[in-house]
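Me: I'd like a close look at one part of this structure. Could you pick out the helix side chains that pair up or sit at the surface, and walk me through them?

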Amino acid sequence: IVCVNPRTDDYDENMHVMKFSEMSQEVQVMKPTPLRNIDNLPSGRRQANQIFKRAMANLNDMGSNTENIPIEIGVQAVYSLASQFPNLCVHGPDDERTLKTLMMFLEVEIAKRKKFEAESDVKAKDFRQHLVEQEKELLMLRHQNALLSADLVHYKEKVQTFESQIVKAEVEASNAKKQSQGYERVIKRLQDEIQDKEQALSRRLQDRERDKQRFQSKMALTAEKISQQMELKMTDQKRKLESEMRQKDKKLQQVKR
């Protein structure tokens, strides 16, 4: 069962949940492969049987005669629930002593057998519980591994998205830098043009100032020259008037005489 939020803001989270649900279907639980009992013996006795066979092979290599030694001797010597059965002989139906001895031996053996069975059941239950806990832990670890794998895929997608955004931002930054460099070149060119125009304007102003000074000096010379000419003319006119006045005075004197 997968719970999905229909809101558009949770689209990324929903994709993450769907991917995890898809991956969780692929989780498989491995069943332990049962061991084949080749010799039809329990695992401990089978190992003892193998050890006994190696010992027999070593004896054969040493030259000892092992044909009359039964293989059950080595296996029975490893582990047995029963003690050596006593050699008893019943002399009759009234042989209570032998029967009591046999009953005591059987009671001890039955108690030992029950004790071994109880211990075996406890160990089997403990082993089963430990095995179940290990299976649960394994399933939990696989579940966590699936979650981490889904998170890793999600984070890789985010990293790829961020990398693409970074590449896009770097391209935009490069374009902006190129555009800025173009603007800087245009600004420098305009500044150079403005500087050239300012220098040209300064030269023109200097030329005008020189022309003005030359014109003023020329005007001063012209005014001085005109003034001198006017003074000369006035002097000539004054002389002429004085001459005419003297002549008139002479004529008047002559008329009076």
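What follows is a walk along one helix, with a bit of context to start.

Reply: Bear in mind that this is a predicted model. The chain has four helices and zero strands, so there is just the pattern α-α-α-α to follow along the sequence. Of its 257 residues, 9% count as buried. The chain exposes about 23500 Å², and carbon and sulfur atoms supply 56% of that. As for contacts with a separation of 6 or more, 45% of them join residues 24 or more positions apart.

Now to the part you asked about, helix α4, which covers residues 96-256. The chain's salt bridges come to six, and here are some with both partners in this helix.

Start with Arg113 and Glu117. Their side chains form a salt bridge, with the closest N and O atoms 3.4 Å apart. The spacing along the sequence fits in neatly: the two are four residues apart in helix α4, which means about one helical turn separates them. Neither partner is buried, because Arg113 has 45% relative accessibility, which counts as partly exposed, and Glu117 is partly exposed too, at 40%.

Further along, Lys188 and Asp192 make a salt bridge at 3.5 Å, N to O. Here again the partners are four residues apart in helix α4, so about one helical turn lies between them. Asp192 comes out as partly exposed, at 32% relative accessibility.

Shift along by one position and you meet Arg189 and Glu193, whose salt bridge has its closest N and O atoms 3.2 Å apart. Both lie in helix α4, four residues apart, about one turn of the helix. Glu193 counts as partly exposed at 34% relative accessibility, and Arg189 is partly exposed as well, at 45%.

That stretch has a nonpolar side to its story too. Val186, Leu190 and Ile194 make a surface patch of about 230 Å². Val186 belongs to helix α4. Why can Val186 be part of a patch? A patch takes residues with over 30% relative accessible area, and Val186 has 34%, so it passes that cut-off while counting as partly exposed.

Put together, this stretch of numbering holds the salt bridge of Lys188 with Asp192, the one of Arg189 with Glu193, and the nonpolar patch of Val186, Leu190 and Ile194.

Technical notes. Residues are numbered from 1 along each chain as its sequence is written. This is a predicted model: local features need pLDDT of at least 70, side-chain atom pairs count only at pLDDT 80 or more; totals for chains, interfaces and linings use all residues. Side-chain values use heavy atoms; hydrogens and water are left out. Patches are made of residues with over 30% relative accessible area and no salt bridge: like charges are joined within 9 Å, nonpolar side chains (Val, Leu, Ile, Met, Phe, Trp, Tyr) within 5 Å. Accessible areas come from the Shrake-Rupley method with a 1.4 Å probe; for residues, only the protein chains shown count as cover. A salt bridge is a side-chain nitrogen of Lys or Arg within 4 Å of a carboxyl oxygen of Asp or Glu. Buried means under 20% relative accessible area, exposed over 50%, partly exposed in between (1.4 Å probe, protein chains only). Contact means heavy atoms within 4.5 Å.
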